[in-house]
Amino acid sequence: MGTTCRACRSAPILNLSRLECGAAPCTHATTVTMPSFKLTFNGNKRFRLSESPTLPLRNSDMKSPPSRFLLTRRRCTRLLAGVVIVCLFLFIPRTKTVPSWLQEKSYAERHSLPPLYEQYHDYERHLPQHNLSLPFPEGRDAKFLWAANHVISSGWGNAMQELVMNAVLAHATKRAFVFDNFTWERNGPDYSTYNGKLIPSRIPLSAIISGPIIGSSLPLRDVAPRAVSKEYFKKVCPNPTVIDSWEVNEHLRLDHNVPALKIFEKWVEKLNNIDDPCVEIKEESYQLFEIWLFGSKRILSMWPILSRSPILKDFSWSPLILQAYADNAHLFTPTTSSFRFLPSFMRPSNRPPTPTTLHDVHPIVKSIDMDPVTGLLALHVRRGDFAGHCSHLANWSADWNGFNQFSALPDRFKVPTDGGWGVTSEANTNMYFKACLPTIEQIVEKVQEVLADQRRLYGPAKELKRVYVMTNGDVEWLQQLKEALMRVKKWEAVATSRDLKLSWEAKPVAQAVDMLIGQRAQVLIGNGFSSLTSNIVMLRQLGDVPPEDTRFW
């Protein structure tokens, strides 16, 4: 039959180098021994065009009667067209970038259950610091802090805020932070039920975050050991010193006049006075840092320490989250061109690099290095189960989460003084619901207010052009919201969490994808009562986002 196209490797092609039409059989013709168009039309003697109406093959192929092997010009054209189509069809899938969610679609369709992240667990199990022969401050010289009482059965927002504080405490006492899974149930079956749907009971942290919290290297000259997994801690510390948090927190935890910093310092002092390298906080005791701290201004006293700690400065989202962001970037970033083919250092600031592996604890894009996505307005709009939560907040006269109360932020919430302890007035309830569960009309009103403020502050230079809604709202309600927002102005796009195309493994951690989008938005309108919003605000403050670009309902 002749030669084979080296690029396609599967399309046998005739020796067409002497065909009168002179065209290459596929787009890879320059890689095989065939004439280019340039050689043909330059009249190269070896490929001189024949004057005959038929195109003979090489003499070596002329063993059968000539009438069976002669090609007319029309047949030649059809043959060439067919071969080109076959080559292009075989070539395109080798070069086209296919989003990970699409690559996994058929894989996910074969799985009726959520992922269990076995490969992530295995990766964490084999971190290099899990080695007793390592030099100081690791190996046999390492000290550990394992908070066995960490929060469970809560959303990622609540888990993350406590996780950061515990890791910063371990680092401050020069102990390896012992990390665990993002846990719904500690010891039960692999799956739990939430809102009538199955969810993984335990998700490895490396599926959500990267950085020192889960074992990446610390800065040079930092004498604290790297974080280790709970499994490794249990292996090397079979008999740890167990402390009940009540020993330190008894008279501090509920005292509104005691800042979080004081509780933190008490724990630093307590841990530094323990010689045992293996310390465990009793599982049945209260968390070291509880919702009463995170839900008030008390936590702000920790900001000078948090903002300087490598635990937070080197925080990064996991490769899985960054990949999901990159796969959906067309929903909330400019669509004029694609930059994915460029090296990471050449990409515009609103395109984080696409990770090459989904298993890496080292920070890929640190929060302090992230620039805002120009023109993006992110809205955090909670629905569903949050209605009951908002009613509870109203009845108990709750305040915004602490990190939503940085003094430089323009929006404030005034806690009513005529309610609390389980009862409140109708006026107070309406005030809470406007800030906690706003209606479509109230959302539109706030967006219009923010647009006017942005024009006053920046003029047309920083015009908001796209909207992304972080939400658990149902599709029908969100469609009504989209239509209402489009009447405010002619946005380039309005997208929501429901529009994300996520891989099988990314779906259970979709909240983190939303957080990354909210973190990078030029302007955020968040929910002051939400821990998810407060973590985003914390990361935006860390990244020096102008405070006037962080707003609340």
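Hi everyone, let me start with a term: a residue is buried when its relative accessible area is under 20%, exposed when over 50%, and partly exposed in between, using a 1.4 Å probe and protein chains only. Glu280 fits the first class, being buried with a relative accessible area of 11%.

Before going on, some housekeeping. This is a predicted model, where local features need pLDDT of at least 70, side-chain atom pairs count only at pLDDT 80 or more, and totals for chains, interfaces and linings use all residues. Residues are numbered from 1 along each chain as its sequence is written, and side-chain values use heavy atoms, with hydrogens and water left out.

Now the overall picture. The chain has 19 helices and 16 strands; these are DSSP runs numbered from the N terminus, H or I with at least four residues for helices, and E with at least two for strands. Of its 553 residues, 51% count as buried. A contact here means heavy atoms within 4.5 Å. Among contacts with a separation of 6 or more, 77% come from residues 24 or more positions apart. The exposed area is about 27200 Å², and carbon and sulfur atoms supply 54% of that. Those areas come from the Shrake-Rupley method with a 1.4 Å probe, and for residues only the protein chains shown count as cover.

Back to Glu280, then. You will find Glu280 in strand β10. Leaving aside residues up to four places away in sequence, Glu280 touches Trp146, Ala148, Phe233, Lys234, Pro240, Thr241, Val242 and Ile243.

Strand β10 brings us to the disulfides. A disulfide is a pair of cysteine sulfur atoms within 2.5 Å, and by this rule the count comes to two. One of them joins Cys237 and Cys278, with the sulfur atoms 2.0 Å apart. Cys237 sits in the loop between α7 (230-236) and β9 (241-243) and Cys278 in strand β10 (residues 278-281), so this pair ties together parts that are 41 residues apart in sequence. The torsion about the S-S bond is about -60 degrees, so this disulfide is left-handed. Cys237 is buried at 2% relative accessibility, and Cys278 is buried at 9%.

There is also a disulfide between Cys390 and Cys436, whose sulfur atoms are 1.9 Å apart. Cys390 belongs to helix α14 (residues 386-395) and Cys436 to helix α15 (residues 426-436), so the link ties together parts 46 residues apart in sequence. With -75 degrees about the S-S bond, this link is left-handed. Cys390 is buried with a relative accessible area of 0%, and Cys436 counts as buried at 1%.

Next, helix α13. Why can we call helix α13 (residues 319-327) largely enclosed by the rest of the structure? Because nine of its nine residues are buried. Just past it, Asn328 lies in the loop between α13 and β12 (373-381), and Asn328 is buried too, with a relative accessible area of 0%. Which residues does Asn328 touch, not counting those up to four places away in sequence? They are Asp499, Leu500, Lys501 and Leu502. The C-alpha atoms of Asn328 and Lys501 are separated by 6.7 Å, although the two are 173 residues apart along the chain. The Asn328 side chain also reaches the backbone oxygen of Ala324 at 2.9 Å.

On to charges. A salt bridge is a side-chain nitrogen of Lys or Arg within 4 Å of a carboxyl oxygen of Asp or Glu, and the structure holds 21 of them. In helix α16 (residues 440-458), Glu449 and Lys446 lie three residues apart, about one turn of the helix, and their side chains meet in a salt bridge at 3.4 Å, N to O. Glu449 is partly exposed at 36%, while Lys446 is buried at 10%. Arg456 forms a salt bridge with Asp453, the closest N and O atoms being 3.5 Å apart. Arg456 is exposed at 61%, whereas Asp453 is buried at 18%. These four residues join Asp411 and Arg551 in a network of salt bridges.

Last stop, the surface. Leu254, Ile291 and Trp292 form a nonpolar patch with about 320 Å² of accessible area together. Patches are made of residues with over 30% relative accessible area and no salt bridge, joining like charges within 9 Å and nonpolar side chains (Val, Leu, Ile, Met, Phe, Trp, Tyr) within 5 Å. Ile291 is in helix α10 (residues 291-294) and counts as exposed, at 52% relative accessibility. Thanks for listening!

Notes. Polar contact = N/O pair within 3.5 Å; in protein donor to acceptor, adjacent residues only side chain to side chain.
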